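Student: Can we go through this model together? I'd like to know what stands behind each label.
Tutor: Sure, let's put the values next to the definitions.

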Amino acid sequence: MSGLTQAAQDLADEFALLPDWEERVAYLIDLGKTLAPLRDDERNEDTRVRGCVSRVWLVCDTRTEDPEKLYFRGDSDAHLVRGEIALLLRVFSGRTPAEIVAADP
């Protein structure tokens, strides 16, 4: 199982432990609270995700020590969407472009 697939399975397992949708939504909102906010200058039209009802920004970085991998950061003006961003970052951040493209959402 690839690291990306394992990360997705780990999230599925976490949510499976929660008995109902209300607790799952609360957990999702809590995950969103763990995101570091983007800087004001990172919230711009270049980083904005179009097509979302909420305002969403996604920033992609590389790191000198690991230049072949992409590291994502994101933010939203909606609590639930911040949680969804946190889920996506746990699965996709720190992966190579090939791993991300090969993923079956």
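Student: What makes S1 and S2 a hairpin?
Tutor: The two strands are linked by a short stretch, with two residues between them. They also pair, as strands do if DSSP finds at least two bridges between them: seven bridges join S1 (residues 56-63) to S2, and the strands run antiparallel. Trp-57 stands opposite Asp-75 in S2, and Val-59 has Arg-73 as its bridge partner there. Strands (E, at least two residues) and helices (H or I, at least four) are DSSP runs, numbered from the N terminus. Before we go on: this is a predicted model, where local features need pLDDT of at least 70, side-chain atom pairs count only at pLDDT 80 or more, and totals for chains, interfaces and linings use all residues. Residues are numbered from 1 along each chain as its sequence is written, and side-chain values use heavy atoms, with hydrogens and water left out.

Student: Why is H1 called oblique to H2?
Tutor: The axes of H1 (residues 3-16) and H2 (residues 21-33) come within 10 Å and cross at roughly 130°. Angles under 35 degrees count as roughly parallel, over 145 as roughly antiparallel, 65 to 115 as roughly perpendicular and the rest as oblique. The crossing angle therefore makes H1 oblique to H2.

Student: Which residues meet where H1 and H2 are in contact?
Tutor: Contact means heavy atoms within 4.5 Å. Glu-14, Phe-15 and Ala-16 in H1 meet Arg-24, Tyr-27, Leu-28 and Leu-31 in H2. The residues of this contact divide into five nonpolar, no polar and two charged.

Student: Why is Ser-54 called buried?
Tutor: Buried means under 20% relative accessible area, exposed over 50%, and partly exposed in between (1.4 Å probe, protein chains only). Ser-54 has 19%, so Ser-54 is buried. Ser-54 sits in the loop between H2 and S1. Leaving aside neighbours within four places in sequence, Ser-54 is in contact with Ser-76, Asp-77, Ala-78 and Val-81.

Student: What makes a set of residues a nonpolar core?
Tutor: The set consists of buried Ala, Val, Leu, Ile, Met, Phe, Trp, Tyr and Cys residues joined through side-chain atoms within 4.5 Å. Here the largest nonpolar core has 13 residues, of which Phe-15, Leu-35, Val-81, Ile-85 and Leu-89 touch the most other members. H2, S2 (66-76) and H3 (79-92) each supply at least two residues of this core, and the largest share, four residues, comes from H3.

Key: Axes are lines fitted to C-alpha atoms, for helices over the stretch in contact, and angles run from 0 to 180 degrees between N-to-C directions. Ala, Val, Leu, Ile, Met, Phe, Trp, Tyr, Cys and Pro count as nonpolar, Asp, Glu, Lys and Arg as charged, and the others, Gly among them, as polar.
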